[in-house]
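User: I should like to learn how to read the features of a protein model. May we begin with a single residue and then widen the view?

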Amino acid sequence: MRKLFDVAISFAMEDEELADTVYHYLKAEGLSVFFAPAPECQSILSGENQREIFYRIFGLESKYVMLLVSKFYVRKQVPMEEAKIAFSKHEGDASVIPIYLDGTELPIELLDVKKQNYFSSDNAAEIASHVASKVNRLKNQEEKKENFVPGSIMKNEGNMAGTQIFIQNYSGE
């Protein structure tokens with residue numbers, strides 16, 4: 001399934017100002033971002049079952065899900081449902097990024113210390129930089145896969161080398 005968003009932002013309404021600033025930083029980096037209050041996201045949310053929409057966005061249609069975890073976040077039903085959807089659908093593939101804003105942690109049943117990305121900051125620029133670097137690293141890996149031509153050493157098109165060199169295996173005989 002094609003991912004519609006590079007990043008989906010899950011947050012408690014009390015942290016909306018910070019989430020909005022992070023959203024604008026990520027957009028400035030050229031990323032496609034789901035942020036519910038954004039005008040371009042309002043059309044996605046209108047007229048349908050909100051629970052189904054959030055299931056699709058946080059579970060299926062975003063490459064990364066950023067959770068802005070705070071004391072408010074863990075007390076709210078909707079953000080915690082978004083977190084559960086994200087963790088269940090992304091199954092430990094390191095694409096759920098909890099950001100601890102005030103030291104409050106997610107419930108232990110949602111954590112996988114070996115596989116998830118944890119980051120602690122309440123600075124919007126730091127948060128956006130951290131998330132953008134992860135997304136851009138993934139994009140670079142995807143581009144390398146697209147440029148790989150099976151059976152050759154490198155993609156010839158756009159190659160800056162003047163001569164193509166083939167390396168043969170030396171068997172030692």
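**From one residue to the whole fold**

Analyst: Let us start with Val 131, which is found in helix α5 (residues 124-147). Please bear in mind throughout that the model is predicted.

User: Is Val 131 buried or exposed?

Analyst: A residue counts as buried when its relative accessible area is under 20%. Val 131 has a relative accessible area of 0%, so it is buried.

User: Which residues does Val 131 touch?

Analyst: Leaving aside residues up to four places away in sequence, Val 131 touches Val 7, Leu 26, Met 66, Ile 97 and Ile 99. As for Phe 119, 12 residues away along the chain, its C-alpha atom is separated from that of Val 131 by 9.6 Å.

User: How many helices and strands does the protein chain have?

Analyst: The protein chain has 5 helices and 5 strands. Along the sequence they follow the pattern β-α-β-α-α-β-α-β-β-α. Of the 173 residues of the chain, 39% count as buried. Among contacts with a separation of 6 or more, 67% are between residues 24 or more positions apart.

User: In what order do the strands lie in the sheet?

Analyst: The order in an open sheet is β2-β1-β3-β4-β5, and the pairing is parallel. At the edges stand β2 and β5 (119-120); each has a single partner strand, so one side of each is left without a neighbour in the sheet.

User: Which bridges join the strands, taking β1 and β2 to begin with?

Analyst: Strands β1 and β2 run parallel and are joined by 2 bridges. Here Val 7 stands opposite Val 33 in β2. Further along the sheet, 5 bridges join β3 to β4, which also run parallel, and Val 69 stands opposite Tyr 100 in β4. Strands β4 and β5 are parallel as well, with 2 bridges between them. The bridge partner of Tyr 100 in β5 is Ser 120.

User: How many residues of β4 are buried?

Analyst: In β4, 5 of the 5 residues are buried, so the strand is largely enclosed by the rest of the structure. Both of its faces are covered: Val 96, Pro 98 and Tyr 100 are buried on one side, and Ile 97 and Ile 99 on the other. Ile 97 and Ile 99 are also among the residues that Val 131 touches.

User: I should next like to read a helix. Where does the chain of α4 begin and end, and what span does it reach?

Analyst: In general, an α-helix has 3.6 residues a turn, so residues three or four places apart point the same way. Helix α4 covers residues 77-90, which makes 14 residues, and reaches 20 Å from its first C-alpha to its last. This is close to the 20 Å expected at 1.5 Å a residue. After α4 comes Glu 91, whose phi is positive, near 35 degrees.

User: Which residues of α4 are buried, and what do they pack against?

Analyst: Pro 79, Met 80, Glu 82, Ala 83, Ile 85, Ala 86, Phe 87 and His 90 are the buried residues of α4. They pack against β1 (5-10), α3 (50-59), β3 (62-69) and β4 (96-100).

User: How should aromatic pairs be read, and how many are there in the structure?

Analyst: A pair of aromatic rings is described by the distance of the centres and the angle of the planes. The structure holds 6 aromatic pairs. In one of them, the rings of Phe 5 and Phe 34 have centres 5.5 Å apart and planes at 65 degrees, so the pair is edge-to-face. This pair links distant parts of the chain, since Phe 5 lies in strand β1 and Phe 34 in strand β2 (residues 33-34), 29 residues apart. Phe 5 and Phe 34 are both buried.

User: At what angle are the planes of the Phe 54 and Phe 58 rings?

Analyst: Their planes are at 35 degrees and their centres 5.7 Å apart, so the pair is tilted. Phe 54 and Phe 58 are 4 residues apart in helix α3, which means that about one helical turn separates them. Both residues are buried.

User: Which residues form one aromatic cluster?

Analyst: Phe 5, Phe 34, Phe 54 and Phe 58 form one aromatic cluster.

How values were computed. Residues are numbered from 1 along each chain as its sequence is written. This is a predicted model: local features need pLDDT of at least 70, side-chain atom pairs count only at pLDDT 80 or more; totals for chains, interfaces and linings use all residues. Side-chain values use heavy atoms; hydrogens and water are left out. The expected span of a helix is 1.5 Å times one less than its number of residues. Buried means under 20% relative accessible area, exposed over 50%, partly exposed in between (1.4 Å probe, protein chains only). Contact means heavy atoms within 4.5 Å. Rings of Phe, Tyr and Trp (its six-membered ring) pair if their centres lie within 6.5 Å; planes under 30 degrees apart count as stacked, over 60 as edge-to-face and the rest as tilted. Two strands pair if DSSP finds at least two bridges between them.
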